[in-house]
Amino acid sequence: MSTALRPGDYLQIASERMAVDGVPNGEGFARIERVEVISDIGFLAPGSTHMRTRAARQIAVVFCHAMPGPVMLIEGDQWTLGEVDSGRARWDSAHPWWPEMPEPLFTGSRLAAGPHAFRSIIQGPDLVTPAASSEPQPPRQRAAVFNKPAHALMVGDYLQIHALRHPKWDMRIDEGFHRVEWIGHLTGDALAGVLNDPAWARGRLTLASVHGLSGILVLPEVPVTVLIQPNPERRRSDEDEAWHEGPFYELSGVTEPDLTEQKHADAGIRPEPPGSEAALYPSRFSSPAQRALHLDGVTGIRPVAASQLPWPHGLFKCPYGERAKTLAATYPEGHSKTAHAELFTRLGDEDFAACPYHQADDWRAIADAVLAFARAEPDSDEQDRLYRATNLSDRDRAWFRSLIGGGHIWWDTGRQNLTNGQHRLCALRAAGVEVIPVYGRHLPAHDETTPSQDAQAHARRTVEDFWSARVTAVLKPGLLGTHLAWLLARYPRLRALLPKSE
């Protein structure tokens, strides 16, 4: 629990970053040097509707080695290291970051020490001998940075929240820098409601929510360090997978700066990155198309031709699952999707109608309703009207709401398999729906609705193309190979005569 943390613990202060040069053991954890527990939380905004603010009873504040400010942790459990490099632990202990403060910094708080009701034995992490040599090495190349006043921090900045992981020469390119997700300011008389010594703030507190940090970082008005040019692939991942876009607690008197004004001011002080900066971040993607999807893609529902979507790789609880397995056994390993395409060609209307996952009155109307809902302006009156789906039967309305909610057909452009929705896609294909509402990452300007093809024709072509390629790899192209491929596609028992693939 946050209130059971004690000096000497190594607290997780950041989530794992998208790293191009590896993530070493112990990164993202910092040694706690001081813990204050606030029991009088009168500085929280009265009447707040914010759930965590209303529920707060005690707030632990930790002062960690190499961090620019203390952190007001969220209540509940926190991650700590069970073992830490012995050399790092000794160095951190011998080189404290925070000066001695005889009295608590925060109002209504006390210094935390000794046992806790949920932690009767106070023991730090186990010390382990590092696997690699601890001899000093040449420093690794680090990303370019600049300093700005704390109050100038803005959402999107990559703030240095951990300046040092011993040994310093081992720190990676952008280690210790994490994306700011929310900023608030506290000035004037409101400072005395939070700090026993308001002068510590130097006129202003800047409060920050940072990606991976389970609490509010509290910064006095001092210079802070940020990256000039973050890794663009990492930045996009952090934007798409935000940690907490807002404050963990609402404090009385906090104001939020205008981001447009901050960006204008930032443009006047942010230096140009060195010409070699981009070379520090080699792409993690194997193709330009994959990188473009990551950097420029959006995630949501869009129309996709059924013929562009993969066939199922394994239908859980499908009533025809055993038939799929029998067909898959006639294919080389790793080709279960082609086997499922063949199964689709061998099922008739009565088979599909008997499947519980296909039970709907009008799958085409359901698909049209989902796509119309996705095209409407979010949270608009039009979208509210479409959500009611009064033109659908009760059963179809339930399918519609599943497809716009947690029951998406989920496929990212270019992926080999569906993430979710294999049964629903099968039902839509069987109903003759050629353009499918699909959730996932895609390039907004890219048309995925053509070519459209009847599902039965697409399934037959998938099977025929597979066996044609398989035969061509063994025989020269010609009438014999063409006829043999045709026979193999239609008569699974003949496949037992083929030599086993290596």
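Here are four short exercises on this predicted model, each with a worked solution.

Local features need pLDDT of at least 70 and side-chain atom pairs count only at pLDDT 80 or more, while totals for chains, interfaces and linings use all residues. Residues are numbered from 1 along each chain as its sequence is written, and side-chain values use heavy atoms, with hydrogens and water left out.

**Exercise 1. Find the residues with the most contacts inside the largest nonpolar core, and say which strand gives the most to this core.**

Start with the term: a nonpolar core is a set of buried Ala, Val, Leu, Ile, Met, Phe, Trp, Tyr and Cys residues joined through side-chain atoms within 4.5 Å. Buried means under 20% relative accessible area, exposed over 50%, and partly exposed in between (1.4 Å probe, protein chains only). The largest core has 30 residues, and Leu11, Val62, Met67, Leu153, Leu159 and Leu217 have the most contacts inside it. Strands (DSSP runs of E, at least two residues; helices are H or I, at least four; both numbered from the N terminus) come next. Among those that each supply at least two residues of this core are β2 (29-38), β3 (59-64) and β10 (177-187). The top contributor is β2, with four residues.

Now zoom in on valine 62. Skipping neighbours within four places in sequence, its contacts (heavy atoms within 4.5 Å) include Leu5, Leu11, Ile32 and Val35.

**Exercise 2. How far is cysteine 318 from the nearest cysteine sulfur?**

A disulfide needs a pair of cysteine sulfur atoms within 2.5 Å, and the structure holds zero of them. For cysteine 318, the nearest cysteine sulfur belongs to cysteine 355, 5.5 Å away. Cysteine 318 is buried, at 16% relative accessible area.

**Exercise 3. Trace the salt bridges of aspartate 170 to arginine 140 and arginine 172.**

Look for a side-chain nitrogen of Lys or Arg within 4 Å of a carboxyl oxygen of Asp or Glu. Arginine 140 pairs with aspartate 170, with the closest N and O atoms 3.3 Å apart. These two sit 30 residues apart, in the β7–β8 loop and the β9–β10 loop respectively. Arginine 140 is partly exposed at 36%, whereas aspartate 170 is buried at 12%. Aspartate 170 also meets arginine 172, again at 3.3 Å, N to O, and arginine 172 is buried too.

**Exercise 4. Which parts of the chain does the pair of glutamate 448 and arginine 302 tie together?**

The closest N and O atoms of this salt bridge are 2.8 Å apart. Glutamate 448 lies in the loop between β15 (435-442) and α13 (455-472) and arginine 302 in strand β14 (residues 298-305), so the bridge ties together parts 146 residues apart in sequence. Both residues are buried.
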